[in-house]
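Biologist: I should like to go through the assignments made in this model one by one. Please set each value against the criterion behind it.

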Amino acid sequence: MGKRVLLVRHGNEPADDRIVTWLGREGFEIDSRKPFDGDLLGEPDEDLAGTVIYGGNFNVYETGKHPFLNEEYRWIGACLDADIPMLGICQGAQQIAYHLGAWAGAPESECFEFGYYRIDPEPSESGFMPGPLWVTQAHYHTFDLPVGATRLASNDNYANQAFRYGDKVFGFQFHPEVTVAGFQRWQEAKWGVYGRPGVQNREEQTRLMKQHDPAQAAWFHGFLGRLFGRAA
């Protein structure tokens, strides 16, 4: 196991999320790249401990409009072949599912999750999540479960909130990496989505964030430890 974790980012937000802080605290080397800005991802090597494909605002199927997505799909395929621990978050989860042959895109329902929503683990997956958890959400698109993948969590709005493919590849529709400060930035930036079906108002978001974010953080830190282990 190496000590470098490659982070694939889709925006220019501050790198103060829980993944970055956890990796730094645990002694991993953080390799942050932005293919949308021209960065290439290289090849997995013996120093690579894992990779994270972050969320973003790009439609995962629009490779003609956004050619950099082809570089990301090449990277996902190479990491799958090399058996590298991989986590996809929101757009990243959709990309992994799409790469594995599943549909991804806008659902027929008009429900837009933005705020803090309960998800429930599958009855057989208590090792992933021991019980219901209220998690950070900011999405409208979704994905089908890829062939060979295991659903880990769901809710009434979206059936596929988390999946596992093999033992080392995970996709989350939700955003456990986002801190309180990060979500507060989103509240300022995403003002245009308030009032859409499913979106919580700002007061409800803040109330649920204060109530549930500590449990989300504790669960996610434990998950990262199980996925990436210890830095070499």
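The exchange below concerns salt bridges, burial and nonpolar cores in a predicted model.

Biologist: What makes the contact between R18 and D213 a salt bridge?

Modeller: The side chains of R18 and D213 approach to 2.4 Å, N to O. The cut-off is 4 Å between a side-chain nitrogen of Lys or Arg and a carboxyl oxygen of Asp or Glu, so the pair qualifies. R18 lies in helix α1 (residues 18–25) and D213 in helix α5 (residues 202–228), 195 residues apart, and the pair thus links distant parts of the chain.

Biologist: Why is R18 called buried?

Modeller: R18 has a relative accessible area of 7%. Buried means under 20%, and therefore R18 is buried. Its partner D213, with 6%, is buried because its value also falls under 20%.

Biologist: How do you know that R74 and E43 form a salt bridge?

Modeller: Their side chains meet at 2.9 Å, N to O, and this is within 4 Å. R74 belongs to helix α2 (residues 68–81), whereas E43 sits in the loop between β2 (29–33) and β3 (48–53), 31 residues apart.

Biologist: Is R74 buried, partly exposed or exposed, and why?

Modeller: The relative accessibility of R74 is 30%. Because buried requires under 20% and exposed over 50%, R74 counts as partly exposed.

Biologist: Why do R164 and E125 receive their respective burial labels?

Modeller: R164 has a relative accessible area of 21%, not under 20%, and not over 50% either, so R164 is partly exposed. E125 has 13%, which is under 20%, and therefore E125 is buried. The side chains of R164 and E125 meet in a salt bridge of 3.3 Å, N to O. This pair joins strand β10 (residues 162–165) to the loop between β6 (113–121) and β7 (133–139).

Biologist: What makes R4, D31, R33 and D45 one network?

Modeller: Salt bridges that share partners join these four residues. The structure holds 13 salt bridges.

Biologist: Which residues touch the most other members of the largest nonpolar core?

Modeller: I19, L87, F128, F172, W219, F223 and F228 do so, in a core of 30 residues. Helix α5 supplies the largest share, six residues.

Biologist: What does F128 touch?

Modeller: Leaving aside residues up to four places away in sequence, F128 touches L152, A153, A162, F172, W219, F223 and R226. Apart from the largest core lies another, of 24 residues, including V60, F68, I96 and V169.

Note on methods. Residues are numbered from 1 along each chain as its sequence is written. This is a predicted model: local features need pLDDT of at least 70, side-chain atom pairs count only at pLDDT 80 or more; totals for chains, interfaces and linings use all residues. Side-chain values use heavy atoms; hydrogens and water are left out. Helices (H or I, at least four residues) and strands (E, at least two) are DSSP runs, numbered from the N terminus. Buried means under 20% relative accessible area, exposed over 50%, partly exposed in between (1.4 Å probe, protein chains only). A nonpolar core is a set of buried Ala, Val, Leu, Ile, Met, Phe, Trp, Tyr and Cys residues joined through side-chain atoms within 4.5 Å. Contact means heavy atoms within 4.5 Å.
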